[in-house]
Amino acid sequence: MSKMEKVVEEVIAGNIDGVTELTQELVDEGIEPSQIIKEGLVAGMDVVGGRFKKNEMFVPEVLISAKAMHGGMDIVKPLLTEGESSSAGTVIMATVEGDLHDIGKNLVAMMLEGAGFEVIDLGVDVTADEFVEAVKEHQPDIVGLSALLTTTMPAMEETIKSLEEAGIRDQVKVMVGGAPVSEDFANEIGADGYAADGSTATDISREFVK
Ligand code: B1M
């Protein structure tokens with residue numbers, strides 16, 4: 001097994017020490033940081049995402065793998081040369097107004113980071129106006145809205161309307177998710193995509209930035 005393949009295995013196993021040691025060794029051997037990210041760290045999280053989707057891995061294990069992946073990222077990110085970006089695209093992500101649930105949103109954010117996206121996490125209870133301001137400031141490719149309460153689902157529609165009113169709706173793809181959210185609801189409110197979990201969110205986001 002090559003060192004790169006070992007990085008993949010250690011990310012899946014959630015072994016942060018193994019990931020950081022191997023990542024450092026690859027760096028010392030002169031392997032390009034972007035190659036380590038793509039073929040090692042992101043490749044590992046891809047496997048994790050697939051297994052999570054098939055119920056072969058569970059939330060705590062995914063979080064541990066994401067932490068291990070971050071350990072490697074911390075080493076290679078500062079080494080990326082200017083212009084060479086690890087980013088597959090930028091995603092603004094938050095839980096909508098009135099909603100404080102963030103465990104699922106954080107998990108999805110980590111999966112997206114694992115897939116090479118830069119995630120700007122605005123946190124919880126984020127108003128439509130705050131989303132609009134953040135889109136203007138950060139110019140993301142994607143806006144991710146999370147809601148866990150049936151009572152906060154309407155805030156997703158309000159956020160999309162506010163993006164329209166601000167004249168910036170066409171600049172971004174809007175992805176929605178959260179336990180009470182469905183594909184039908186996403187279509188109803190004019191979202192561009194619905195994801196039931198982090199792995200699907202990653203697949204959809206990759207499609208969005210193609
Ligand atoms: Co709350 N809560 N909660 N809660 N809570 C639920 C959601 C509830 C279903 C429990 C129940 O009654 N059975 C219920 C909602 C009922 C409804 O609206 N239909 C509920 C309620 C009622 C409430 C309060 C109103 C309770 C009260 O105070 N009376 C209150 C509201 C607070 C508020 O938000 N304003 C409240 C509070 C809380 C806690 C603070 C105690 C805590 C949140 C802690 C935190 O998040 N930091 C909490 C928790 C933990 C839950 C449950 C138990 C677990 C939610 C969770 O984290 N799941 C939940 C019941 C349950 O689901 N069993 C419940 C694990 C997480 C990994 O899954 O969030 O679904 P999930 O995320 C998934 C997908 O949905 C998807 O990917 C994730 C990974 O697979 N996904 C996305 C999520 N966001 C996405 C975004 C995407 C794509 C995919 O793209 C942008």
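## Helix H1 and the residue after it

Helices are DSSP runs of at least four residues, numbered from the N terminus. In this predicted model, helix H1 is followed by Gly14, a residue with a positive phi near 75°.

Helix H1 comprises residues 3–13, and its buried residues are Met4, Val7, Val8, Val11 and Ile12. These residues lie on the same side of H1, because they cover an arc of only 135° around the axis. An α-helix has 3.6 residues a turn, so residues three or four places apart point the same way. The buried residues of H1 pack against three helices: H2 (16–28), H3 (33–53) and H4 (59–76).

## The shell around the ligand

The ligand is surrounded by 26 residues, and the closest are Leu100, His101, Asp102, Ser146 and Thr150. By character, the shell consists of 15 nonpolar, eight polar and three charged residues.

Nitrogen atoms of the ligand take part in several pairings with the protein. One pairing, at 2.7 Å, involves an N or O atom in the side chain of Asp102. Polar backbone atoms of Gly98 and Gly178 are also paired with ligand nitrogen, at 2.9 Å for Gly98 and at 3.5 Å for Gly178. Helix H5 (103–114), strand E3 (142–146) and strand E4 (173–177) are the elements that give two or more residues to the shell. H5 gives the most, with four residues.

## The cobalt atom

The ligand contains a cobalt atom, and its only protein donor is His101, through NE2 at 2.2 Å. His101 is located in the loop between strand E1 (90–96) and H5.

Terms used:
Residues numbered from 1 in each chain as written. Predicted model: local features only at pLDDT ≥ 70, side-chain atom pairs only at ≥ 80, totals over all residues. Heavy atoms only, no water. Near = heavy atom within 4 Å. Polar contact = N/O pair within 3.5 Å; in protein donor to acceptor, adjacent residues only side chain to side chain. Nonpolar A, V, L, I, M, F, W, Y, C, P; charged D, E, K, R; others polar. Donors = N, O, S within 2.8 Å, 3.2 Å for Na, K, Ca; no water. Buried < 20%, exposed > 50% of the residue type's maximum accessible area, 1.4 Å probe, protein only. Arc of directions from axis to C-beta. Contact = heavy atoms within 4.5 Å.
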